[in-house]
Amino acid sequence: MTMMPELLENQLLVTKFYVPVAPGPLILRPRLTALLDKSLEHSFTLVSAPAGFGKTTLLSAWQQSREARKPLVVWVSLDEEDNQPKVFWSYVLTALKIQQPDRFLHC
């Protein structure tokens, strides 16, 4: 029997929690990278821009470049179908639980 894409217990797609790998050499974005570095001074940073503006590429490259210092990065890839509050928060809380299971035991 063939299974559908790998799912978590509550039917969330596991692939939505993986940071994509930046593909090869990229255009340097020093101003945006500096802003992301500065964001580490805060407990939460949200990056938001319209589709096609390079959020995924920027964040993926930034996170890979910081591997040695390992900032806590919680990644959730959302689609239009995830627009329902219950689904949205299920993904967000599950992503937090994956990164810090001891802090989010009852999510």
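D82 touches K16, S77, V87, F88 and Y91, leaving out residues up to four places away in sequence. That makes D82 a handy place to start a tour of this predicted model. The protein has 107 residues, and buried residues make up 20% of them. Its secondary structure comes to 3 helices and 0 strands, read along the sequence as α-α-α.

**Around D82 and Y91**

- D82 sits in the loop between α2 and α3.
- Is D82 buried or exposed? With a relative accessible area of 8%, D82 is buried, since the cut-off for that label is under 20%.
- A polar atom of the D82 side chain lies 2.8 Å from the backbone nitrogen of D79.
- Y91, one of the residues that D82 touches, is also among the buried residues of α3.
- Y91 has a partner from far along the chain to look at, too: L13 is 78 residues away from Y91 in sequence, yet the two are 8.9 Å apart in space, C-alpha to C-alpha.
- L13 belongs to the segment before α1 and counts as partly exposed, at 28% relative accessibility.

**Helix α3**

- Helix α3 covers residues 85-99, which is 15 residues. From its first C-alpha to its last it reaches 21 Å, close to the 21 Å expected at 1.5 Å a residue.
- Which residues of α3 are buried? They are Y91, V92, T94 and A95.
- These buried residues lie on the same side of α3, because they cover an arc of only 165° around the axis.
- On the face turned away from that buried side, α3 carries the exposed residues P85 and K86.

**Helix α2 and the nonpolar core**

- The largest nonpolar core has 6 residues, namely L36, L58, L59, W62, V73 and W75. Helix α2 (residues 55-65) gives the largest share of this core, with 3 residues.
- As background, nonpolar side chains tend to be buried together in soluble globular proteins.
- What does L59 contact, leaving aside its neighbours within four places in sequence? The answer is L36, V47 and W75; of these, L36 and W75 are listed in the core along with L59.
- The buried residues in α2 are L58, L59, S60, W62 and Q63, and what covers them includes α1.
- S60, which lies in helix α2, is buried with a relative accessible area of 2%. The S60 side chain makes a polar contact of 3.0 Å with the side chain of Q64.

**Contacts across the chain**

- Take the contacts between residues at least 6 apart in sequence: 56% of them join residues at least 24 apart.

**How far to trust the model**

- The mean pLDDT of the protein is 78, and 79% of its residues reach 70 or more.
- Which element has the highest mean pLDDT, and which the lowest? Helix α1 (residues 30-39) has the highest, at 92, and α2 has the lowest, at 85.
- Please take care with residues 1-9, where the pLDDT is below 50. Beyond near neighbours in sequence, this stretch has 10 contacts in the model.
- Where pLDDT is low, the predicted coordinates should not be read in detail.

Technical notes
Residues numbered from 1 in each chain as written. Predicted model: local features only at pLDDT ≥ 70, side-chain atom pairs only at ≥ 80, totals over all residues. Heavy atoms only, no water. Helix = DSSP H or I, 4+ residues; strand = E, 2+ residues; numbered from the N terminus. Expected span 1.5 Å × (residues − 1). Buried < 20%, exposed > 50% of the residue type's maximum accessible area, 1.4 Å probe, protein only. Arc of directions from axis to C-beta. Core = buried A, V, L, I, M, F, W, Y, C linked by side-chain atoms within 4.5 Å. Contact = heavy atoms within 4.5 Å. pLDDT = per-residue confidence, 0-100. Polar contact = N/O pair within 3.5 Å; in protein donor to acceptor, adjacent residues only side chain to side chain.
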